[in-house]
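Reader: I should be grateful for a close examination of one part of this protein, set out in a single connected account.

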Amino acid sequence: MSRITLSRYLIEQTRSHNTPADLRFLIEVVARACKAISHAVSKGALDDVLGSLGTENVQGEVQKKLDVLSNEILLEANEWGGHLAGMASEEMDKAYQIPGRYPKGAYLLVFDPLDGSSNIDVNVSVGTIFSVLRCPDRNGATGDLGEEAFLQPGTEQVAAGYAIYGPQTMLLLTLGNGVKGFTLDRELGGFVLTHDDIKVPETTQEFAVNMSNQRHWEAPMQRYVSELLAGESGPLEKNYNMRWIASMVADVHRILTRGGMFMYPRDNRDPSMPGKLRLMYEANPMAFIIEQAGGAATNGSQRILEIQPTSLHQRVPVFLGSKEEVERVTAYHQE
Ligand code: AHG
Ligand code: MN
Ligand code: MN
């Protein structure tokens, strides 16, 4: 049987769905960068890439060596090709400007270079999350690209995906017509289509949440989780199982594979932080993927993809996964 490589899939997308050549190139470059990150992650202590750098990012989180290295790999891979107008990342305070010596392109790339940093040093799956937007018309402006260009609702994404660095390295991708899964073939050095047309089952008996935050949650979330825990004898009349990997990529990947419900709700510890996850490079790309796979994603009251962002590093509560459960918890928040 002939194997469908990522390149072949993208070229066939151009034929069937008019995927522009520069978007195709962008995805190939991101995939190449993810391959390099996968390689670095797999070396671990052999290449002295574990541990922290002692610096903090704009969100006040201690940066791991691999956070910074992955960020650099993505910037270097993407800055010269002429397909981007700018980039933004969890690890950079402001928008990244394409150096003047390179041509600029039509797209914006936003990423979480290394998701699940707390799992790096314990050899548990981590990943890279990315979102692609069109750069709005700058009316001939030639100065630095400001943050405003990026502040578009998730419905404007033209592509989104993640790479997961687990027992296998995989790339999950949506161009707005379904979700495809590619597995890295290390001997061939490329991604091969292995999971065609991924769908999230509508119902589930599995949920993912960091239960240690329970005492800080709001009433609708308390109610929902107490119902999940009540099992068969409670109002939901079934027993649920729980998983929490603490790498969003890995938790979402499990949900894309066998269904489930992922929650990182708002809590009352710090009113300036409505949830932990970031809208632009965690919630939006994952919401796009989950919806394209037939699931749902809300912040409790609104579809994630319809939120108008107000800043690059803004945080949002996240409920995503199997439709029936996302609708239930959203209804509890709306009551
Ligand atoms: P990052 O490593 O990019 O900062 O993201 C970590 C996120 C996400 O991947 C995960 O779902 C969540 O943080 C885990 O949070 P807790 O440690 O609070 O469980
Ligand atoms: Mn992350
Ligand atoms: Mn990260």
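How many disulfides does the count come to? Please begin there, and then describe the manganese ion (ligand 2), its donors and the pockets.

Author: The model is a predicted one. The count comes to zero disulfides, the rule being that two cysteine sulfur atoms must lie within 2.5 Å of each other. Two cysteines may nevertheless be placed with respect to the surface. Cysteine 34 has 0% relative accessibility and therefore counts as buried, the limit being under 20%. Cysteine 135, at 18% relative accessibility, also counts as buried.

The metal site is the next subject. The manganese ion (ligand 2) is held by oxygen atoms of Asp112 (OD), Asp115 (OD) and Glu282 (OE), at 1.9 to 2.1 Å. Along the chain, these donor residues follow the spacing D-x2-D-x166-E. Aspartate 115 belongs to strand β4 (residues 107-115), whereas glutamate 282 belongs to helix α6 (residues 279-292), so this pair ties together parts that are 167 residues apart in sequence. Aspartate 115 and glutamate 282 are both buried. Aspartate 112 has a further part in the site: it bridges the manganese ion (ligand 2) and the manganese ion (ligand 3), and the two ions are 3.7 Å apart.

Strand β4 also leads to the largest pocket, as it is among the elements that each supply at least two residues of the lining. The others are β2 (62-64), α5 (248-258), β12 (261-264) and β13 (277-278). The volume of this pocket is about 430 Å³. Its lining comprises 26 residues, and Gly116, Ser117, Ser118, Ala246 and Lys276 are the closest to the centre. By character, the lining of the largest pocket divides into eight nonpolar, seven polar and eleven charged residues. Where does the largest pocket lie with respect to the domains? Domain 1 (6-195) and domain 2 (206-334) both give residues to the lining, so the pocket lies between them.

The second largest pocket holds about 280 Å³ of space. Its lining is made up of 17 residues, and those nearest the centre are Val41, Ser42, Asn123, Val124 and Tyr165. Helix α2 (residues 21-43) gives the most to this lining, with three residues. The lining of the second largest pocket consists of seven nonpolar, eight polar and two charged residues, while that of the largest pocket has eleven charged residues.

Key: Residues are numbered from 1 along each chain as its sequence is written. Chains are lettered from A and ligands numbered from 1 in the order in which they are written. This is a predicted model: local features need pLDDT of at least 70, side-chain atom pairs count only at pLDDT 80 or more; totals for chains, interfaces and linings use all residues. Side-chain values use heavy atoms; hydrogens and water are left out. Donors are N, O and S atoms within 2.8 Å of the metal (3.2 Å for Na, K and Ca); water is not among the atoms, so sites may look incomplete. Helices (H or I, at least four residues) and strands (E, at least two) are DSSP runs, numbered from the N terminus. Buried means under 20% relative accessible area, exposed over 50%, partly exposed in between (1.4 Å probe, protein chains only). On a 1 Å grid over the protein atoms alone, a cavity is a set of points where a 1.4 Å probe fits but cannot get out, and a pocket is an open set with protein on both sides within 12 Å along at least five of seven lines; lining residues have an atom within 4 Å of a point. Grid points are joined across faces, edges and corners, and a volume is the space filled by probe spheres set on the points. Ala, Val, Leu, Ile, Met, Phe, Trp, Tyr, Cys and Pro count as nonpolar, Asp, Glu, Lys and Arg as charged, and the others, Gly among them, as polar. Domain bounds come from an automatic or database domain assignment.
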